[in-house]
Each structure stands twice: as C-alpha cells, then as structure tokens.
Amino acid sequence: MTQLHAPAKRDADATRARILEAARTEFARSGLSGARIDDIAERAQANKRMIYHYFGNKEALFTAVLEAAYQHVKAAEAQLDLDSLSPRDALERLVRFTWDYYLENPEFMALANSVNLHRGRHIRCLDTPRSAQGLIDLVAGILDRGRAEGVFRAGVDATQLTITIAAIGCYYLSNRFTGSHLYQRDMMAPDALEARLAFNLDTIYRLVAR
C-alpha cells in the first residue's frame with residue numbers, strides 16, 4: 001500500500017514545492033498586495049484550485065513562503081561553525097555570511113519589506129522559532145570569548161550588534177537603486193561591493209575592539 005501511494009505523494013510534494021517557489025518570486029516582486037494567484041499558478045504550472053487546496057488562500061500562502069524563507073536562513077546560519085574559530089574570525093565569518101546571504105537571496109529582503117508593510121502580522125504566525133534569540137546567543141558567545149581573550153571590549157550588547165550586522169548590509173542592498181543615483185556610483189559593481197564589505201567588516205570590528 002505504501003508503494004502505491006508513494007508516487008502520488010511525490011507528485012503532491014513536487015507540486016507544492018513549485019507553488020512555493022513561484023509564490024516566493026511573485027511575492028518578492030509584487031508584494032503581498034500586488035501578487036496575483038493567477039500569476040503564481042501560471043509560473044508554477046499549476047491551477048488555482050491546487051493552490052487553494054494546499055494553502056487555503058493567498059495570505060496563508062504568503063505565510064508558508066515566509067516560513068520556508070526563515071527556515072532556509074536559519075539552516076544556513078547553523079552551518080557556520082563559529083565556535084571553532086577565534087572570536088575575531090568568527091565575527092568576520094558572520095558579517096561575510098550575512099552580506100553574502102543578502103546578495104545571493106535578494107528575495108529574502110523583498111519578502112521582509114512586504115512583511116513590515118503589513119506590520120509583521122504574518123511573521124507572528126510562523127512555526128519556525130519566532131525570535132532571533134539563537135543568533136543573538138551565538139553573537140553573545142563570540143563577544144564573551146573575545147572579552148576573555150582581551151580582544152573585545154566589555155559592554156557591547158549582543159542584540160544591538162546582531163541588528164547592526166544585518167542593517168549595514170541590508171540597507172545598502174535594499175537601497176541600491178536610489179543609492180546609485182544619489183551617490184553617483186554603481187553600487188552593485190564588483191569593486192563597489194568589495195569596498196562595501198571591507199567597510200562593513202572594519203565598522204563591526206571597530207565597534208567591538210578593545
């Protein structure tokens with residue numbers, strides 16, 4: 001009996017995955033309000049009935065997309081193995097990871113912007129752990145080790161530092177179009193990106209250095 005049902009389950013899982021991928025693209029491009037189920041269905045090569053069957057409605061689909069997005073970033077953070085590095089190297093790896101993640105996953109920032117436009121009500125529905133406490137604890141551990149080794153100063157708040165690491169990358173990239181015009185430079189040129197990452201690393205280290 002299990003073998004008879006396995007192909008149907010695989011087909012259902014594949015369809016659901018295609019819908020989630022299509023929805024992620026459409027929500028990132030048009031936001032929750034602007035995204036259309038018709039466009040998602042066409043991109044996913046599915047029909048609207050299947051979307052409603054698997055997810056219920058557009059808001060529930062948006063929440064499912066967010067769930068998958070936050071699971072992805074948490075899984076990536078879990079692979080960093082920061083405890084094996086010196087405090088300074090661990091902090092550098094975290095800053096580089098955050099920058100690279102935003103660069104490689106621009107839709108993550110777009111989804112976050114859409115969530116904030118709706119005052120965060122969808123993120124409160126997620127099954128994924130609903131806070132960044134795990135990451136904050138990781139940063140706190142790096143700071144503690146750095147203080148013990150005499151390379152980091154005392155009094156640095158781990159939550160504030162976690163927010164700042166995200167902010168200095170996210171702001172630059174999410175404002176790349178207006179910034180390119182206002183600052184009269186191509187903010188996405190390879191040399192500009194390298195210079196920005198170097199500046200981010202220097203900024204974070206200066207915040208914590210003894």
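Colleague: Which helix holds T98?
Modeller: T98 sits in helix α5, residues 87-104, where a helix is a DSSP run of H or I with at least four residues, numbered from the N terminus. This is a predicted model, with local features needing pLDDT of at least 70 and side-chain atom pairs 80 or more, while totals for chains, interfaces and linings use all residues. Numbering runs from 1 along each chain as its sequence is written, and side-chain values use heavy atoms, leaving out hydrogens and water.

Colleague: Why is T98 called buried?
Modeller: Its relative accessibility is 12%, and buried means under 20% (exposed is over 50%, partly exposed in between; 1.4 Å probe, protein chains only). So T98 counts as buried.

Colleague: What does T98 touch, beyond neighbours within four places in sequence?
Modeller: T98 is in contact with I165 and A166, contact being heavy atoms within 4.5 Å.

Colleague: And R153, what makes that one partly exposed?
Modeller: R153 has a relative accessible area of 37%, so it falls between the two cut-offs. You'll find R153 in the loop between α7 (133-148) and α8 (158-174).

Colleague: How do you know which residues R153 meets beyond four places in sequence?
Modeller: By that same contact rule, R153 pairs with R147, L207, V208, A209 and R210. A209 is 56 residues away in sequence, yet its C-alpha lies 5.7 Å from that of R153. The R153 side chain also reaches the backbone oxygen of L207 at 2.9 Å.

Notes: Helices (H or I, at least four residues) and strands (E, at least two) are DSSP runs, numbered from the N terminus. A polar contact is a pair of N or O atoms within 3.5 Å; within protein, one must be able to donate a hydrogen and the other to accept it, and residues adjacent in sequence count only if both atoms are side-chain atoms.
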